[in-house]
Amino acid sequence: MKIFLNSNEENSLFNFDSKQNNQLEILNGDNALQSSINATLSIFSILKTSLGPRSMSKLIIKENGSYIISNDGATILSNIKVEHPAAVILVNIALSQDREIGDGTTSIVLLAGEMLKSLTNLYFQAKSEGKLIHQTTITTILYQLLEKVNTILDSLSVEYDNSTTDTLFKLAGVALGTKHYSYWTKNLTTITIDAIQNSIIKQYPSPNTTTVIVDIKNNIQICKLQGGNIDQSCFRKGLIITTKQIPSLKFTINKNDINSSGSGNGGESNNNNNHIKLKTIIIGYDINKHIESTQSIHGTIKSTQDMNRYYGINDSLILNFVDRLIRNKVTLVFFRYKITDFLAQLLYSNSISMVQDFNDNNENDNNSGSNKNNFDFDSIVTKLSKLTNSIPIMKYDELDFHLLQQEQQQQHQQHQQQENEYEVNSCFGTISNFEIVSKFEDDFYIYLDNSFKTSGLSCIMLRGPTKDIVDDLEIGIIDSLYLIKSSLESTPMIVYGGGSCEMAISMKLLEYSNSIPSILNNNSNNSSNNNNNEINYNQNYWKKEISKTLSECFQIIPTILVMNAYNSCSNIKSPLETIAELSTIHSKEEDCTQCSLGIDGWTGEIKDMKQMNIIEPLILKKSIITTSIEAVIALLRIDTIVSSSSFI
């Protein structure tokens, strides 16, 4: 999708005249400001129907012919083609919110767009009436009002008990409830909370202080399995790897698909597999390349004996490698890369199971619309190492070093009369559960777990009938995970959603605006002593006007919620009547900061958000408002648009 300045500018950001030596026509002053506002409002118009539970999805067709269907703001923004630099600035700022907090991208675009439109109208109206105001004056007052809004947010927030998961369930449910698969919110919310709880890392910097850290990227894996129903998605402790090579196994496992072994209640699947204990080793290097590099050292072949020695290098290295595995009673080998048939047959004949050429199931998936949870190329080796509690072998010579080190450790254990079989710094680990959970096309999905060592690894298995649905499920789960992460790692404070918080901020800002004395600049007084007073009066006047304008901008969130529901429910009041009634209720409250009335996104009616459990973390709301105002400040300070690749 392309966003341009406007229809009058010949679908181009900059106009060039080839007859004039490609000289640049610069946009400056009010033209540059208006151009920036028009571009940002184009994005506003795209996302305004993607807010709330009645949000609509967008079908985005890419240049390569593939497409994405999603109502997630971050996914839409990251896949549309934006050419106008001001629009690019807004998109990048909004996407930074998604990377940091995990949600709120749509709200940022809507708030920032409404603020830009209203403040620009105020600027041009004042200019037409002869009331001069500089753009930097507006941005300075906006920064001051941001501090005021943060103070209001603190008074609106309510503390919750973070020792239980009740509030976390509500927060995750609100994040997932705005997606079009909200009918399965309960199951997906349970999955999200279970994965977070299993991967929490607690630190104690002082005796009375506990710090919670949730490492989503390294500890929580999302595995997408096509086929089945959404309610068959589940959470399991451990890890899933995929391979296109048929695993060679010399032990009995269950090959049940998730359809039969997974639980539909969101918790850990009730698997009746008998836990086994397999001694494992991870080979992270390409053993074929090592053999080729060793053979390349051999000189020119001049006789049959030289030929036998040349091919004997291959046999010698492989036999030596397998011999060391047999002597150490290894029962399962993970090869990061593909191995030769000779090595595979040799392992099988010696009752050693192996998995080769494995990876993470999301590594080659480039169409999910989100890259938050994409694993690095070798991170799957790191996670497998963490699961098995072993050190991966990344070079051929490392195996001899670790074997020598293990021998010394065993002697030390015998001396100390310890019974631990494996140490943390050993190259050998354990696996207690090996299960082929699914096969889709050429890929085998293998589930691994280790009940002998707590790894903190979590796997969320998402099921869906098509790839589009599973990809969209992943986006919602990731948003929910990062939202819960930010809530756990910050102060446990919440605010009420459904536009209740925004309407309360609007009323408090309006009250603050009315408290500012309305003193206009008096140009008739030319004394030097009064000049300073004139400047202060002028600033007070504009602070009053801008705070009043800003208070109206915050009503855009409940307004859009009503408008999106109004098209689906014909028995409700008009959006203007509903917003007027809600603002009246908030303004009449003795303490409007305690008012929890907002908009029911499904019906468009005014309801109590506290009773509906519609809540949002304070850190999310503060981040949305702060990012929106910062984006407005950045765009309002633009007075010239010029291309660096052109010349004058």
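**View 1. Lys439 stands opposite Phe444 in β18.** This close-up, like those that follow, comes from a predicted model. The two strands here are β17 and β18, the latter covering residues 443-449. Seven bridges pair them in the antiparallel sense. Between β17 and β18 runs a loop, and Glu441 has its place there. The phi of Glu441 is positive, about 55°, although this residue is not a glycine. Glu441 has a relative accessible area of 59%, which is over 50%, so the residue is exposed.

**View 2. β17 and β18 belong to an open sheet of four strands.** The order is β15-β11-β18-β17. The pairing is antiparallel. Which strands form the edges? They are β15, residues 358-359, and β17, residues 433-440. Each of these pairs on one side only. A helix also belongs in this view: α13, residues 379-388, lies across β11, β15 and β18. Helix α13 runs at about 130° to β11, the strand of residues 239-243.

**View 3. Asp357 sits in the loop between β14 and β15.** Strand β14 spans 353-356. Asp357 is not a glycine, yet its phi is positive, at about 55°. Is Asp357 buried, partly exposed or exposed? Its relative accessibility is 27%, so Asp357 counts as partly exposed. Strand β15, on the other side of this loop, is an edge strand of the sheet in View 2.

**View 4. Three strands form a second open sheet, in the order β9-β19-β10.** Its pairing is mixed. The edge strands are β9 and β10, the latter at 234-237, and each pairs on one side only. On average, neighbouring strands of this sheet are turned by 25° against each other, direction ignored. Helix α15 packs on the sheet and touches β9 and β19. The direction of α15 makes about 160° with that of β9.

**View 5. β9 and β19 run parallel, joined by seven bridges.** Strand β9 covers residues 220-226, and β19 covers residues 458-464. Two bridge pairs can be picked out. Ile222 has Ile460 in β19 as its bridge partner. Lys224 has Leu462 in β19 as its partner. How many of the seven residues of β9 are buried? Six are, so β9 is largely enclosed by the rest of the structure.

**View 6. Helices α6 and α15 pack at an angle of about 145°.** Helix α6 holds residues 166-177, and helix α15 holds residues 467-488. Their axes are 9 Å apart. The crossing is right-handed. From α6, the contact takes in Leu168, Leu171, Ala172, Ala175 and Leu176. From α15, they meet Gly476, Ile477, Ser480, Leu483, Ile484, Ser487 and Leu488. By residue class, this contact divides into nine nonpolar, three polar and no charged. Helix α15 is also the helix that packs on the sheet of View 4.

**View 7. Val212 lies in strand β8, residues 209-214.** What does Val212 touch, not counting residues up to four places away in sequence? Its contacts are Ile200, Ile201, Leu488 and Glu489. Leu488 also takes part in the α6 contact of View 6. Ile201 is eleven residues from Val212 along the chain, and their C-alpha atoms are separated by 5.9 Å. Val212 has 18% relative accessibility, so it counts as buried; the cut-off is under 20%.

**View 8. Helices α3 and α21 have axes that come within 10 Å of each other.** Helix α3 comprises residues 85-100, and helix α21 comprises residues 618-636. The axes cross at roughly 160°. The two helices are therefore roughly antiparallel to each other. Their crossing is right-handed. In α3, the meeting residues are Ala86, Ile89, Leu90, Ile93 and Gln97. In α21, they are Leu620, Ser623, Ile624, Thr627, Ala631 and Leu635. The contact has eight nonpolar residues, three polar and no charged.

**View 9. The whole protein has 21 helices and 24 strands.** It has 648 residues, and buried residues make up 52% of them. Among its contacts with a separation of 6 or more, 75% come from residues 24 or more positions apart.

Conventions. Residues are numbered from 1 along each chain as its sequence is written. This is a predicted model: local features need pLDDT of at least 70, side-chain atom pairs count only at pLDDT 80 or more; totals for chains, interfaces and linings use all residues. Side-chain values use heavy atoms; hydrogens and water are left out. Axes are lines fitted to C-alpha atoms, for helices over the stretch in contact, and angles run from 0 to 180 degrees between N-to-C directions. Angles under 35 degrees count as roughly parallel, over 145 as roughly antiparallel, 65 to 115 as roughly perpendicular and the rest as oblique. A crossing is left-handed if the near helix is turned anticlockwise from the far one by less than a right angle, and right-handed if clockwise. Contact means heavy atoms within 4.5 Å. Ala, Val, Leu, Ile, Met, Phe, Trp, Tyr, Cys and Pro count as nonpolar, Asp, Glu, Lys and Arg as charged, and the others, Gly among them, as polar. Two strands pair if DSSP finds at least two bridges between them. Buried means under 20% relative accessible area, exposed over 50%, partly exposed in between (1.4 Å probe, protein chains only).
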